[in-house]
Amino acid sequence: MKQKMAIHRIKMSQFYLGTMILKFDLPMKLIDDINKAYDEKVETLVSMNNELAGKIADEKRVNTILNEEMKKTFQTCFDKYVETRDETKWDCVPGPCWINEMKSGEYNPTHFHTSISSDMGLSSVLMLKRPDWYGVEASQEEKPANGYLEFSGGDQSPLSISQCRVDAQVGEFYVFPYTLLHTVYPFNSTDEVRRTMSYNCDLIRKKGM
(Lines give C-alpha, C1' and ligand atoms only; values in the text may rest on other atoms or scores of the structure.)
Protein backbone atom coordinates (compact mmCIF):
# COMPACT_ATOMS: atom_id res chain seq x y z
CA MET A 1 0.00 0.00 0.00
CA LYS A 2 1.43 3.33 -1.05
CA GLN A 3 2.08 5.76 1.74
CA LYS A 4 1.09 9.41 1.11
CA MET A 5 3.80 12.01 1.69
CA ALA A 6 2.88 14.88 3.96
CA ILE A 7 2.87 18.24 2.17
CA HIS A 8 4.03 21.07 4.42
CA ARG A 9 3.12 24.67 3.82
CA ILE A 10 6.30 26.75 3.81
CA LYS A 11 6.16 30.49 4.29
CA MET A 12 8.78 32.77 2.81
CA SER A 13 9.90 36.31 3.65
CA GLN A 14 12.47 38.43 1.87
CA PHE A 15 15.19 40.53 3.46
CA TYR A 16 17.46 42.94 1.59
CA LEU A 17 20.71 44.62 2.47
CA GLY A 18 22.03 47.79 0.88
CA THR A 19 20.42 50.78 -0.83
CA MET A 20 16.66 51.32 -0.92
CA ILE A 21 14.83 52.95 -3.83
CA LEU A 22 11.24 54.09 -3.31
CA LYS A 23 8.89 54.56 -6.27
CA PHE A 24 5.85 56.80 -5.88
CA ASP A 25 3.04 57.05 -8.45
CA LEU A 26 2.10 60.73 -8.49
CA PRO A 27 -1.26 62.15 -9.68
CA MET A 28 -1.50 63.01 -13.37
CA LYS A 29 -2.89 66.45 -12.50
CA LEU A 30 0.39 67.24 -10.75
CA ILE A 31 2.35 66.05 -13.80
CA ASP A 32 0.19 68.15 -16.13
CA ASP A 33 0.57 71.22 -13.92
CA ILE A 34 4.38 70.91 -13.81
CA ASN A 35 4.57 70.41 -17.59
CA LYS A 36 2.33 73.43 -18.16
CA ALA A 37 4.35 75.64 -15.80
CA TYR A 38 7.59 74.55 -17.47
CA ASP A 39 6.33 75.16 -21.00
CA GLU A 40 5.13 78.64 -20.03
CA LYS A 41 8.37 79.69 -18.29
CA VAL A 42 11.09 77.71 -20.06
CA GLU A 43 12.55 80.75 -21.86
CA THR A 44 13.14 82.52 -18.53
CA LEU A 45 14.67 79.59 -16.62
CA VAL A 46 18.34 79.42 -15.67
CA SER A 47 20.53 76.78 -17.35
CA MET A 48 22.25 74.22 -15.10
CA ASN A 49 24.53 72.71 -17.74
CA ASN A 50 27.69 73.69 -15.86
CA GLU A 51 26.46 72.07 -12.65
CA LEU A 52 25.14 68.74 -13.93
CA ALA A 53 26.66 65.56 -15.36
CA GLY A 54 24.23 65.21 -18.25
CA LYS A 55 25.18 65.39 -21.93
CA ILE A 56 21.88 67.20 -22.46
CA ALA A 57 21.45 70.62 -24.07
CA ASP A 58 18.37 71.70 -22.10
CA GLU A 59 18.83 71.41 -18.34
CA LYS A 60 16.92 74.12 -16.47
CA ARG A 61 16.55 74.95 -12.80
CA VAL A 62 12.83 74.94 -11.98
CA ASN A 63 12.46 75.72 -8.26
CA THR A 64 10.66 78.93 -9.19
CA ILE A 65 7.86 77.20 -11.16
CA LEU A 66 6.81 74.92 -8.29
CA ASN A 67 3.93 76.21 -6.19
CA GLU A 68 3.49 75.40 -2.50
CA GLU A 69 1.18 72.45 -3.15
CA MET A 70 3.74 70.88 -5.49
CA LYS A 71 6.55 71.41 -2.99
CA LYS A 72 4.46 69.87 -0.22
CA THR A 73 3.91 66.72 -2.32
CA PHE A 74 7.64 66.23 -2.86
CA GLN A 75 8.38 67.02 0.78
CA THR A 76 5.93 64.26 1.77
CA CYS A 77 7.76 61.77 -0.46
CA PHE A 78 11.17 62.66 0.98
CA ASP A 79 9.82 62.43 4.53
CA LYS A 80 8.30 59.04 3.70
CA TYR A 81 11.67 57.71 2.56
CA VAL A 82 13.27 58.63 5.88
CA GLU A 83 10.25 57.28 7.79
CA THR A 84 10.44 53.98 5.89
CA ARG A 85 14.06 53.61 6.98
CA ASP A 86 12.95 54.32 10.56
CA GLU A 87 15.36 57.23 10.76
CA THR A 88 14.14 59.94 13.12
CA LYS A 89 17.35 61.94 13.48
CA TRP A 90 17.24 63.62 10.06
CA ASP A 91 15.32 66.61 8.75
CA CYS A 92 14.55 66.58 5.01
CA VAL A 93 15.50 69.92 3.47
CA PRO A 94 14.72 70.17 -0.29
CA GLY A 95 17.35 71.90 -2.43
CA PRO A 96 17.91 72.43 -6.17
CA CYS A 97 15.28 71.17 -8.59
CA TRP A 98 15.76 70.92 -12.35
CA ILE A 99 14.24 69.52 -15.54
CA ASN A 100 16.19 67.59 -18.17
CA GLU A 101 14.69 67.82 -21.66
CA MET A 102 16.48 64.90 -23.33
CA LYS A 103 16.43 64.60 -27.11
CA SER A 104 17.50 61.81 -29.46
CA GLY A 105 21.20 61.01 -29.01
CA GLU A 106 21.57 62.79 -25.65
CA TYR A 107 22.22 60.87 -22.43
CA ASN A 108 23.07 61.08 -18.76
CA PRO A 109 26.37 59.32 -17.92
CA THR A 110 26.76 57.28 -14.74
CA HIS A 111 26.96 59.70 -11.81
CA PHE A 112 25.87 60.40 -8.24
CA HIS A 113 24.73 63.58 -6.51
CA THR A 114 26.43 65.82 -3.95
CA SER A 115 25.54 68.91 -1.96
CA ILE A 116 27.49 71.82 -0.47
CA SER A 117 25.24 71.72 2.60
CA SER A 118 25.28 68.05 3.60
CA ASP A 119 27.18 64.83 2.95
CA MET A 120 23.88 62.95 3.10
CA GLY A 121 20.76 63.41 1.04
CA LEU A 122 18.19 62.07 -1.36
CA SER A 123 18.13 62.29 -5.15
CA SER A 124 15.04 61.78 -7.26
CA VAL A 125 13.74 61.32 -10.79
CA LEU A 126 10.19 62.15 -11.90
CA MET A 127 9.08 61.16 -15.40
CA LEU A 128 7.08 64.04 -16.90
CA LYS A 129 7.00 63.17 -20.60
CA ARG A 130 8.45 60.41 -22.77
CA PRO A 131 8.50 59.24 -26.39
CA ASP A 132 6.06 56.56 -27.50
CA TRP A 133 9.10 54.65 -28.76
CA TYR A 134 12.79 54.87 -27.82
CA GLY A 135 14.00 53.76 -31.23
CA VAL A 136 15.90 50.84 -32.71
CA GLU A 137 18.06 48.76 -30.36
CA ALA A 138 21.46 48.14 -31.94
CA SER A 139 21.36 44.52 -30.73
CA GLN A 140 19.52 42.18 -28.34
CA GLU A 141 16.10 43.76 -28.79
CA GLU A 142 14.77 41.43 -26.09
CA LYS A 143 16.93 43.35 -23.57
CA PRO A 144 16.04 47.01 -24.27
CA ALA A 145 18.13 49.85 -22.88
CA ASN A 146 17.32 52.89 -25.04
CA GLY A 147 15.98 55.69 -22.84
CA TYR A 148 16.00 53.52 -19.71
CA LEU A 149 16.98 54.73 -16.25
CA GLU A 150 19.52 52.43 -14.61
CA PHE A 151 20.63 52.19 -10.99
CA SER A 152 23.98 50.58 -10.16
CA GLY A 153 24.88 49.05 -6.79
CA GLY A 154 28.29 48.12 -5.44
CA ASP A 155 27.98 44.36 -5.05
CA GLN A 156 28.71 42.19 -8.08
CA SER A 157 28.68 38.82 -6.31
CA PRO A 158 26.85 35.99 -8.18
CA LEU A 159 23.74 36.08 -5.96
CA SER A 160 23.43 39.86 -5.79
CA ILE A 161 21.50 42.28 -7.98
CA SER A 162 24.11 44.83 -9.04
CA GLN A 163 22.02 46.78 -11.58
CA CYS A 164 18.36 47.68 -11.94
CA ARG A 165 17.16 48.98 -15.32
CA VAL A 166 13.82 50.83 -15.31
CA ASP A 167 11.50 51.78 -18.17
CA ALA A 168 10.13 54.74 -16.22
CA GLN A 169 6.55 55.74 -17.01
CA VAL A 170 4.96 59.19 -16.78
CA GLY A 171 4.04 59.95 -13.18
CA GLU A 172 6.62 57.62 -11.59
CA PHE A 173 8.81 59.34 -8.99
CA TYR A 174 11.96 57.49 -7.84
CA VAL A 175 13.69 58.53 -4.60
CA PHE A 176 17.13 57.23 -3.62
CA PRO A 177 20.31 58.34 -1.76
CA TYR A 178 22.75 60.85 -3.24
CA THR A 179 25.45 58.18 -3.35
CA LEU A 180 23.59 55.70 -5.57
CA LEU A 181 25.08 55.60 -9.07
CA HIS A 182 22.52 56.05 -11.86
CA THR A 183 22.44 56.73 -15.58
CA VAL A 184 20.04 57.27 -18.48
CA TYR A 185 20.77 55.64 -21.84
CA PRO A 186 20.35 57.56 -25.11
CA PHE A 187 17.51 56.86 -27.51
CA ASN A 188 17.02 57.41 -31.24
CA SER A 189 14.62 57.43 -34.22
CA THR A 190 12.19 60.02 -32.80
CA ASP A 191 11.72 63.77 -32.46
CA GLU A 192 9.81 63.36 -29.20
CA VAL A 193 11.51 64.37 -25.96
CA ARG A 194 12.12 62.55 -22.70
CA ARG A 195 11.38 65.09 -19.93
CA THR A 196 12.30 64.35 -16.33
CA MET A 197 12.55 66.40 -13.17
CA SER A 198 15.13 65.81 -10.45
CA TYR A 199 14.87 67.25 -6.97
CA ASN A 200 17.70 67.07 -4.43
CA CYS A 201 16.94 66.89 -0.71
CA ASP A 202 19.59 67.30 1.98
CA LEU A 203 19.35 65.23 5.14
CA ILE A 204 20.30 67.48 8.07
CA ARG A 205 20.88 65.93 11.48
CA LYS A 206 18.45 67.28 14.06
CA LYS A 207 19.91 69.14 17.03
CA GLY A 208 20.70 66.84 19.90
CA MET A 209 20.40 63.68 17.76
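How much space lies in the second largest pocket? About 490 Å³ of space lies there, in a model that is predicted. The legends below take up the overall chain, its two sheets and its two largest pockets in turn.

**Figure 1. The protein chain in overview.** The secondary structure of this predicted model comes to two helices and ten strands, and, read along the sequence, these elements follow the pattern β-α-β-α-β-β-β-β-β-β-β-β. The C-alpha trace spans about 85 × 55 × 35 Å along its principal axes. Of the 209 residues in the chain, 43% are buried. Among contacts with a separation of 6 or more, residues 24 or more positions apart account for 82%.

**Figure 2. The open sheet of six strands.** In this view the strands follow the order β1-β8-β5-β10-β3-β2, and their pairing is antiparallel. The edge strands are β1, residues 22-25, and β2, each of which pairs on one side only. On average, and with direction ignored, neighbouring strands of this sheet are turned by 25° against each other. Helix α1, which covers residues 28-41, packs on the sheet and touches β2, β3, β5 and β10; the direction of α1 makes about 85° with that of β5, residues 121-129.

**Figure 3. The pairing of β2 with β3 at one edge of the six-stranded sheet.** The edge strand β2 is joined to β3 by four bridges, and the two strands run antiparallel. One position at which the pairing can be followed is D58, whose bridge partner in β3 is E101. Strands of a sheet pair through backbone hydrogen bonds, either parallel or antiparallel.

**Figure 4. The open sheet of four strands.** Here the order is β4-β9-β6-β7, again with antiparallel pairing. Because β4 and β7 stand at the edges and each has a single partner strand, one side of each is left without a neighbour in the sheet. The average turn of neighbouring strands against each other in this sheet is 15°, direction ignored. The edge strand β4 pairs with β9 in the antiparallel sense over two bridges, and H111 has H182 in β9 as its bridge partner.

**Figure 5. Strand β6 between its two partners.** On one side of the pairing, β6 and β7 are joined in the antiparallel sense over four bridges, with S152 standing opposite Q163 in β7. Four bridges also join β6 to β9, and these two strands run antiparallel; E150 stands opposite T183 in β9. In a regular strand the side chains alternate between the two faces of the sheet. Both faces of β6 are covered, since L149 and F151 on one side and E150 and S152 on the other are all buried.

**Figure 6. The largest pocket and the residues around its centre.** The largest pocket has a volume of about 660 Å³. It is lined by 19 residues, and those closest to its centre are Y16, L17, G18, T19 and I161. The strands β6, residues 149-152, and β7, residues 163-166, each supply at least two residues of this lining. By class, the lining divides into nine nonpolar, eight polar and two charged residues.

**Figure 7. Y16, one of the residues closest to the centre of the largest pocket.** Y16 lies in the segment before β1. With a relative accessible area of 64%, Y16 counts as exposed, because that class begins over 50%. The C-alpha atoms of Y16 and S160 are separated by 10.0 Å, although the two residues are 144 residues apart along the chain.

**Figure 8. The second largest pocket and its lining.** This pocket, which holds about 490 Å³ of space, is lined by 30 residues, of which E51, L52, W98, H113 and N200 lie nearest its centre. Five strands are named as supplying at least two lining residues each, namely β2 (58-61), β3 (90-102), β4 (108-111), β9 (181-184) and β10 (194-205). The strand that gives the most to the lining is β10, with five residues. By class, the lining has 13 nonpolar, twelve polar and five charged residues.

Key: Residues are numbered from 1 along each chain as its sequence is written. This is a predicted model: local features need pLDDT of at least 70, side-chain atom pairs count only at pLDDT 80 or more; totals for chains, interfaces and linings use all residues. Side-chain values use heavy atoms; hydrogens and water are left out. On a 1 Å grid over the protein atoms alone, a cavity is a set of points where a 1.4 Å probe fits but cannot get out, and a pocket is an open set with protein on both sides within 12 Å along at least five of seven lines; lining residues have an atom within 4 Å of a point. Grid points are joined across faces, edges and corners, and a volume is the space filled by probe spheres set on the points. Ala, Val, Leu, Ile, Met, Phe, Trp, Tyr, Cys and Pro count as nonpolar, Asp, Glu, Lys and Arg as charged, and the others, Gly among them, as polar. Two strands pair if DSSP finds at least two bridges between them. Axes are lines fitted to C-alpha atoms, for helices over the stretch in contact, and angles run from 0 to 180 degrees between N-to-C directions. Contact means heavy atoms within 4.5 Å. Buried means under 20% relative accessible area, exposed over 50%, partly exposed in between (1.4 Å probe, protein chains only).
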